[in-house]
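Student: I should like a close look at one part of this structure, namely its salt bridges. Please explain which residues pair and where they lie.

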Amino acid sequence: FGLGDICVVEVAASATVNAGSFVKSDADGRAVSTSTAGDKVGGIALQTVTSTASEYAKLLIQVNPHTI
């Protein structure tokens with residue numbers, strides 16, 4: 001996948017990713033939302049997902065790494 005592509009990512013358990021939010025990976029490589037200045041993000045969530053276990057969300061890939 002590359003810049004501007006849409007992919008599907010696994011959302012971290014007990015996490016909520018909202019459509020339009022910046023997304024980064026956690027220590028296990030799963031997607032989590034972030035709004036923290038200085039965080040490096042891989043894209044923008046295209047849908048809202050509240051994960052209990054193994055939930056997936058569409059992600060628009062942005063400049064990697066992109067800093068908020």
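Tutor: The account below takes the salt bridges in turn and then considers a buried serine. This is a predicted model, in which local features need pLDDT of at least 70 and side-chain atom pairs count only at pLDDT 80 or more, while totals for chains, interfaces and linings use all residues. Residues are numbered from 1 along each chain as its sequence is written, and side-chain values use heavy atoms, with hydrogens and water left out.

Side chains of opposite charge can pair when their charged atoms come close. The structure holds three salt bridges, the term denoting a side-chain nitrogen of Lys or Arg within 4 Å of a carboxyl oxygen of Asp or Glu. One of them joins the side chains of Arg30 and Glu10, with an N to O distance of 3.3 Å. Arg30 lies in the loop between S3 and S4 and Glu10 in strand S1, so this pair ties together parts that are 20 residues apart in sequence. Strands here are DSSP runs (E, at least two residues), numbered from the N terminus.

Arg30 is partly exposed at 30% relative accessibility, and Glu10 is likewise partly exposed, at 23%. On this scale, buried means under 20% relative accessible area, exposed over 50%, and partly exposed in between (1.4 Å probe, protein chains only). Arg30 also forms a salt bridge with Asp28, where the closest N and O atoms are 3.7 Å apart. Asp28 counts as exposed, at 62% relative accessibility. Glu10, Asp28 and Arg30 are thus linked in a network of salt bridges.

Lys24 and Asp39 also meet through their side chains in a salt bridge, at 3.2 Å from N to O. Because Lys24 lies in strand S3 and Asp39 in the loop between S4 and strand S5 (40-45), the pair ties together parts that are 15 residues apart in sequence. Lys24 is partly exposed at 28% relative accessibility, whereas Asp39 is buried, with a relative accessible area of 15%.

Ser21 is found in the loop between strand S2 (16-17) and strand S3 (22-25), and Ser21 counts as buried at 16% relative accessibility. The side chains of Ser21 and Ser33 are joined by a polar contact of 3.0 Å, that is, a pair of N or O atoms within 3.5 Å; within protein, one must be able to donate a hydrogen and the other to accept it, and residues adjacent in sequence count only if both atoms are side-chain atoms. A polar atom of the Ser21 side chain also lies 2.6 Å from the backbone oxygen of Asn18.

How values were computed
Helices (H or I, at least four residues) and strands (E, at least two) are DSSP runs, numbered from the N terminus.
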